[in-house]
Amino acid sequence: MSEKKESNENEQSEAQTESNSQNSTTDPAELGEKIIKDAIVNCIDPVTNCDLVSLGMIDTVDVQMGEAQVAILLPCSIDAYSNTKELEQLISSSLADTGMVSQVKFKYATMTESEKDDYILHLETTYKGKSQLKDSTRVIAISSGKGGVGKSSVTTNLAISISKLGYRVGLLDADVYGFSIPNMLGPEAEPIVIGNSVVPARAHKINFVSAGLFADDDQPIIWRGPMLHKALEQFLANVMWCEPDFLVLDMPPGTGDVALSIASLIPDAEFYVVTTPQKSAESVAQRSAIAARQLKLPLRGVIENMSYFEGDDHKRYELFGRGGGQQLADHLSVKLLGQVPLVPDLRAGSDNGIPIVISDPNSNASKEFEKIADEIVELGPAKKRLQALKVR
Ligand SMILES: Nc1ncnc2c1ncn2[C@@H]1O[C@H](COP(=O)(O)OP(=O)(O)O)[C@@H](O)[C@H]1O
Ligand SMILES: [Mg+2]
């Protein structure tokens, strides 16, 4: 209560300052206030890509003797908010750039219910599309007929690598039953749920949503076909993706219901197939590609995973044979985009929420993910299909 009162008083004094400023614009105190205000207005929330002031997330900013106190209003509790670090870095560096602030202290409170409603309303009016994807959002589905080939590991590392190239990236865990993305990206992250709307969780500078964020860890999910379609539809329609440049989908193994749902919801989703180098994997992986083709989804490339292991002697050991990726790419008449080595750190990263492209960006595996990200960007969007898009 007292904080709100304080902010009203601030508004009043700001209004006074503004009317005074018509008489004298050179008052150093006023000028300082304006510079600070501009610095805050220029802070764009990384999760939603909207400015923090319009979102109602800045309660008060007080600068004295080079020290700023910033009171932030969150649309959820501080414990549930997964992005304070990035937010604080952003505000601190914007304030430091004014040359007037050397230290920033943050204080958090949760928005009132009506403030939360305003926050969601702002997102809804800013991003009008039903699914909050823009026409140019490229939807990248990472698939394989086979489980355990590394789809989820490739999805997370690739999504982060694409974001490192300067794009806004969302990741949707479409493996509703067998989700593994929360463990791979950050088990502590939580999405923000306000009414029927969900603002994605955030980790390593990408937004993500997974059924695992809503389920008890040990409870099996028992949704059946139609419910699965509904779940995916909701992940697309009720989640505030806020018009990312890329939405990367971690597909479940196989060729079934989820590919069908994706084909009906996002008919121009681009399919990429993950396989291991062995020939038997190649033929199973191929099934998901054939299913994608039958569904008239654009098939864009093959990614070979677990291609080789590099020993301490720097020799490459091809533990799972060789050539499967290239052979599959040739069969499908698409490009083999990369060959990711088998590395213990990559597996460790899957378990501790720190993907290898973050923990060891100079490793061979990370460089290969970088290369694949470049290739995908380079490929450009698939040709638009004539059929009506259902969720965009
Ligand atoms: N290149 C790799 N090097 C080492 N371990 C890997 C690699 N790719 C995947 N893994 C591990 O293999 C297991 C299966 O990978 P995952 O990404 O979950 O496959 P999928 O999603 O296809 O089922 C995980 O434990 C993961 O950490
Ligand atoms: Mg998986």
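This report describes the fold, the nonpolar core, the ligand shell and a few individual residues of a predicted model.

The chain has 392 residues, of which 42% count as buried, and its secondary structure amounts to 13 helices and 15 strands. Of the contacts between residues at least 6 apart in sequence, 77% join residues at least 24 apart.

In soluble globular proteins, nonpolar side chains tend to be buried together. The largest nonpolar core of this model comprises 95 residues, and those with the most contacts inside it are Ile140, Ala141, Ile142, Val248, Leu249, Ile262 and Phe271. Because domain 1 (2–126) and domain 2 (138–379) both contribute residues to this core, it lies between them. Ala141 illustrates the packing: leaving aside residues up to four places away in sequence, Ala141 touches Leu249, Met251, Ile262, Ala269, Glu270, Phe271 and Tyr272.

Around ligand 1 there are 17 residues, and those that come nearest are Gly150, Lys151, Ser152, Ser153 and Ser350. Helices α5 (151–164) and α11 (344–352) each supply at least two residues of this shell, whose residues divide into six nonpolar, nine polar and two charged.

Glu310 is found in strand β13, which covers residues 309–310. Apart from residues up to four places away in sequence, Glu310 touches Arg316, Pro341 and Asn364; the last of these, Asn364, is 54 residues from Glu310 in sequence, while the C-alpha atoms of the two are 9.3 Å apart in space. Glu310 counts as partly exposed because it has 15 C-beta neighbours inside 10 Å, a number that falls between the limit of 12 or fewer for exposed residues and that of 20 or more for buried ones.

Most residues other than glycine have a negative phi. Lys296 has a positive value, near 65°, and Ser333, which is not a glycine either, has a positive phi of about 55°. The table sets out the two residues with their loops and their neighbour counts.

| Residue | Phi | Loop | C-beta neighbours inside 10 Å |
|---|---|---|---|
| Lys296 | near 65° | between α9 (279–294) and β12 (299–305) | 11, exposed |
| Ser333 | about 55° | between α10 (324–332) and β15 (335–340) | 7, exposed |

Lys296 is thus classed as exposed because its 11 C-beta neighbours inside 10 Å satisfy the limit of 12 or fewer, and Ser333, with 7 other C-beta atoms within 10 Å, is exposed as well.

Technical notes
Residues numbered from 1 in each chain as written. Chains lettered and ligands numbered in written order. Predicted model: local features only at pLDDT ≥ 70, side-chain atom pairs only at ≥ 80, totals over all residues. Near = placed C-beta within 6 Å. Helix = DSSP H or I, 4+ residues; strand = E, 2+ residues; numbered from the N terminus. Nonpolar A, V, L, I, M, F, W, Y, C, P; charged D, E, K, R; others polar. Contact = placed C-beta atoms within 7 Å. Core = buried A, V, L, I, M, F, W, Y, C linked by C-beta atoms within 7 Å. Domains from an automatic or database assignment.
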